[in-house]
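Some labels in a structural description rest on cut-offs. The questions below take a few of these labels and ask what supports them.

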Amino acid sequence: MKFICAKDYQEMSRKAASVIAAQVVLKPDSILGLATGSSPIGIYEQLVVWHRQGDLDFSQCSSFNLDEYRGLTADHDQSYHYFMHQHLFDAINIPAERIDLPDGAQMDAAAECARYDAAIAAAGGVDLQLLGMGLNGHIGFNEPDEVFSKGTHCVDLTTSTIEANKRFFASADDVPRQAYTMGVQTIMQARKILIIISGENKADIVREAFFGPITPQVPASILQLHPDVTVVADEAAFSKCRDLI
Ligand code: F6R
């Protein structure tokens, strides 16, 4: 694993955006795996700036997102479709037909998960997967479990994730109870992984995930086995593993 320490959120975002920009410049038809949440917003802002300056062309790229709430339509303002259009897709030139996310409006979970895995495989697999990490070490919506998950599947959200995400809804009752997510195996099949972490509240889980035992109780710990992972985090997130990086 390659560890890059940034001073703060802004520097983390710029350094991580550079990794994505390099990917797109070196392989213009890259298949990008994208994430939502608060961590990647600064990256998307930076990518939009570089695109507007004429330095970054997404016209040949394709994208697959990690996850989507089951039961929310694409036009719901808390859907991950909406988030991605708002923060990135509407401001760059990635063709609409090359954008894919799990369809939250499709209530047939088995059919939707099979469609999504088939679409990723047909595209040739993800070149660079961007990840954030939850306070409990989750990646995508893969929560701590007895085993590592495989392909795209439907999950019941844990109380801690519902609590963490309720800030975006009118109340905890409005947070959907299920989501579609790429599985841990899908994530591990990406050729490169870029994970970003910011903030002192994630310092314990950063140490556990990247320097502790590999266990499905800490889903991100499996990234230790991937041959090409870049961890970009700010000083606060790295504050409990200064002796290790
Ligand atoms: C989002 C996702 C989640 C988040 C994680 C961290 O697509 O898959 O795993 O990356 O919950 O969220 P933030 O960045 O809001 O701390």
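What follows concerns a predicted model, and goes through its ligand, its largest pocket and its largest cavity.

Q: What makes the pair between Ser39 and the ligand a polar contact?
A: A polar side-chain atom of Ser39 lies 2.5 Å from an oxygen atom of the ligand. The cut-off for a pair of N or O atoms is 3.5 Å, so the pair counts as a polar contact.

Q: How do you know that Ser38 and Lys202 also make polar contacts with the ligand?
A: For Ser38, an N or O atom of the side chain is 2.8 Å from a ligand oxygen. For Lys202, the corresponding distance to an oxygen atom of the ligand is 2.6 Å. Both values are within 3.5 Å, and therefore both pairs qualify. As for cover, the ligand on its own has 410 Å² of accessible area, and the protein covers 89% of this.

Q: Which residues come nearest to the ligand, and how is its shell divided by class?
A: Ser39, Asp67, His138, Gly140 and Lys202 come nearest, out of 15 residues around the ligand. The shell has four nonpolar, eight polar and three charged residues. Gly counts as polar, so Gly140 belongs to the polar class.

Q: Why is the ligand said to sit in the largest pocket?
A: The term requires more than half of the ligand's atoms to lie within 2 Å of the pocket's grid points. The ligand does sit in the largest pocket, so this condition is met.

Q: What lines the largest pocket, and what is its volume?
A: The volume is about 800 Å³, and 37 residues form the lining. Thr36, Gly37, Ser38, Asn165 and Arg167 lie nearest the centre of the pocket. Strand E4 (67–69), helix H3 (80–87) and helix H5 (159–165) each give two or more residues to this lining. H3 gives the most, with five residues. By class the lining has 15 nonpolar, 18 polar and four charged residues.

Q: Why is the other space called a cavity and not a pocket?
A: A cavity is a space where a 1.4 Å probe fits but cannot get out, whereas a pocket is open. The structure holds one cavity of 30 Å³ or more, and the largest cavity has a volume of about 50 Å³.

Q: What makes Ser63 the polar residue in the lining of the largest cavity?
A: The lining has ten nonpolar, one polar and no charged residues. Ser is not among the residue types that count as nonpolar or charged, so Ser63 is the polar one. Leu32, Tyr44 and Phe58 are among the other lining residues.

Methods
Residues are numbered from 1 along each chain as its sequence is written. This is a predicted model: local features need pLDDT of at least 70, side-chain atom pairs count only at pLDDT 80 or more; totals for chains, interfaces and linings use all residues. Side-chain values use heavy atoms; hydrogens and water are left out. A residue is near a molecule or strand if one of its heavy atoms lies within 4 Å of it. A polar contact is a pair of N or O atoms within 3.5 Å; within protein, one must be able to donate a hydrogen and the other to accept it, and residues adjacent in sequence count only if both atoms are side-chain atoms. Accessible areas come from the Shrake-Rupley method with a 1.4 Å probe; for residues, only the protein chains shown count as cover. On a 1 Å grid over the protein atoms alone, a cavity is a set of points where a 1.4 Å probe fits but cannot get out, and a pocket is an open set with protein on both sides within 12 Å along at least five of seven lines; lining residues have an atom within 4 Å of a point. Grid points are joined across faces, edges and corners, and a volume is the space filled by probe spheres set on the points. Helices (H or I, at least four residues) and strands (E, at least two) are DSSP runs, numbered from the N terminus.
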